Amino acid sequence: MSDTGIEKPVIVLFRHDLRLGDNRALCAASQTGKPVIPVFLRDERVSGDNRPTGGARRWWLHHSLTGLAASLQALGAPLILKRGRTDDVIDTLIKDTGADMVVWNRRYDPPGAEIDDALQAELSHRAVATQSFEGQILHEPYALKSGPGGHYHYTAFWRALHDMPEPRDPLPVPLALKGWHHGLASDKLDDWCLLPQHTDWSQGFSGVWSPGENGALERLSIFLDGRIDNYPEDRDRPDIEATSRLSPHLAHGEITPFQIWHATKNPALDGQRAGAEKFRQELGWREFSYHLLFNNPRLRSENYNTAFDGFPWENRPDHLSAWKHGKTGYPIVDAGMRQLWRTGWMHNRVRMIVASFLIKHLLIDWRIGEGWFWDTLVDADPASNAAGWQWVAGSGADAAPYFRIFNPILQGEKFDPKGGYVREFVPELTALPDKYLHRPWTAPEVTLKKARIDLGKTYPRPIVDHQRARKRALEAFDKSR
DNA sequence: ATTATTTTGTC
DNA sequence: ACAAAATAA
């Protein structure tokens, strides 16, 4: 095909940048004036710390790709779906189309980055031009130098991030793309079987989420139009819709941190600066997680602080199962785990509570919890998930001290004071008065009876006693130190 | 991004 | 007698 006088096209790789706005690779391709072939390339090789996309993200991916394909079609360049090893797929595409240029937005998870580096090296030997661009995080991880003795702690990192040049402004959506009209087979999305196959656990997802770039931009504007004002006070309240819920959109690159950074410095928000700053700090934690992952490629499988390597995990299968199914007997923990299962997402405050419970009350290895979140979260992110779990375990960088053990009763009463969150996800406790909602086992028999609760039958008794579990965890951490 | 306990302050 | 503040873990 390459010698038939047909203009050589440029291939734009999509992986987790499922958007048209602020997409530098797509803009660069469009500006070459060549025909553009957008390719979503799914390389699911499993090696080292690379692992397949989790179930919840597969659901999201299916819907997001549907939206992306429609948007690209409207611009004149239909999306091609391909699956396989990146080098093989690109090799075939070049043979089939005569493409002499491949562009992409960089990835920062070590396995992905490694694949992309190898691709760049290989194509440079073959006189195929390559270009890669930033997009997923605000600053290249190597641009922020590590602090003395290794790496930054969060506050130092945040300061260093502020000392960096202002992140660039976001780019507009290209007005039109020159398509490639010489035939090129695409996989069929349905053949990828991304949606649940046997039992449909995703019924609760669609009422909560709108995967895709449009859904992302809508979430952002809803957040900026109101919630951001109360973000600093309400962000820890799972019973209030106070957070942006942008995490799954960010994880799939349907929106960039550049777009969010830019939107939160809008002068129209002048009266809400505190809210904007607090929200940006959360972007900061995301950046910090990528900084850690870049410097510690084994962040999800090895203790950052190796003093935890000898920790005597108990890993009881029955306790793990109770945790996964939201049947621990602690209402705030169970509500969180059920929200996760029902909606593919969990409020950040509750993530900390359930993680602390798994690690410290049940003495189950944080890596097991990390794996469950990987499979069940629509926003599962290789950096944030691993860094978050290590933070709670106390084994991470700038982590919570090991003796910080969340009291699931107090946390529930403090952050879900009226029980709206627990009642939504643990409906069998609905009729229990607020006073006992986070500690049903302390309610008098008559109260339980009136609320139609039969402890141990309709709702479990606590699988571990808080005071005893706390003491046991402190002793275990003490011994292994 | 804490909790439990002790100490101090106030009536 | 109780709450706020300090402190150890």
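**View 1. Helix α19 beside DNA strand B.** With three residues, α19 (466–480) gives the most to the surface near DNA strand B; "near" takes a residue heavy atom within 4 Å. α9, α12 (348–361) and α15 (408–415) join α19 here, each with at least two residues (helices are DSSP runs of H or I, at least four residues, strands are runs of E, at least two, and both are numbered from the N terminus). This is a predicted model, where local features need pLDDT of at least 70, side-chain atom pairs need 80 or more, and totals for chains, interfaces and linings use all residues, while side-chain values use heavy atoms, without hydrogens or water. Residues count from 1 along each chain as its sequence is written, and chains are lettered from A and ligands numbered from 1 in written order.

**View 2. Who sits around the DNA strand.** DNA strand B is surrounded by 15 residues, and W285, W391, I405, Q411 and H466 come closest. On the DNA side, 70% of the strand B atoms within 4 Å of the protein belong to sugar and phosphate. Sorted by class, the protein surface there has six nonpolar, five polar and four charged residues (Asp, Glu, Lys and Arg are charged; Ala, Val, Leu, Ile, Met, Phe, Trp, Tyr, Cys and Pro nonpolar; the rest, including Gly, polar).

**View 3. Polar atoms facing DNA strand B.** Zoom in on Q411: one of its polar side-chain atoms is 2.9 Å from a phosphate oxygen of DNA strand B. N407 uses its backbone instead, with an N or O atom 3.1 Å from a phosphate oxygen of the strand. At W285 the partner is a base nitrogen of DNA strand B, 3.0 Å from an N or O atom in the side chain.

**View 4. Domain 2 against domain 3.** Chain A is assigned domain 1 (10–136), domain 2 (137–169 + 213–295) and domain 3 (306–480), with bounds from an automatic or database assignment. The C-alpha centres of domains 2 and 3 are 27 Å apart. In this interface, 21 residues of domain 2 are in contact (heavy atoms within 4.5 Å) with 22 residues of domain 3. Together the two domains bury about 1,800 Å², and carbon and sulfur atoms give 59% of that area (accessible area lost, 1.4 Å probe, summed over both parts). On the domain 2 side, D236, P238 and R245 supply 29% of the area buried against domain 3, more than any other three residues.

**View 5. Polar links and helices at the same interface.** One salt bridge crosses between domain 2 and domain 3 (a Lys or Arg side-chain nitrogen within 4 Å of an Asp or Glu carboxyl oxygen). The side chains of R349 and D236 form a salt bridge at 3.3 Å, N to O. Eight residue pairs between these domains are in polar contact, with both residues at pLDDT 80 or more (N or O atoms within 3.5 Å; within protein, a donor and an acceptor, and for sequence neighbours side-chain atoms only). The domain 2 side that touches domain 3 draws at least two residues from each of α5 (154–163), α7 (247–251) and α9 (273–295). α9 has the largest share, seven residues. That side divides into nine nonpolar, six polar and six charged residues.

**View 6. A long-range pair, D116 and R15.** The whole structure holds 31 salt bridges. In one of them, the side chains of D116 and R15 meet at 2.9 Å, N to O. The partners are 101 residues apart: D116 belongs to helix α4 (residues 110–125), and R15 to the loop between β1 (10–14) and α1 (24–31).
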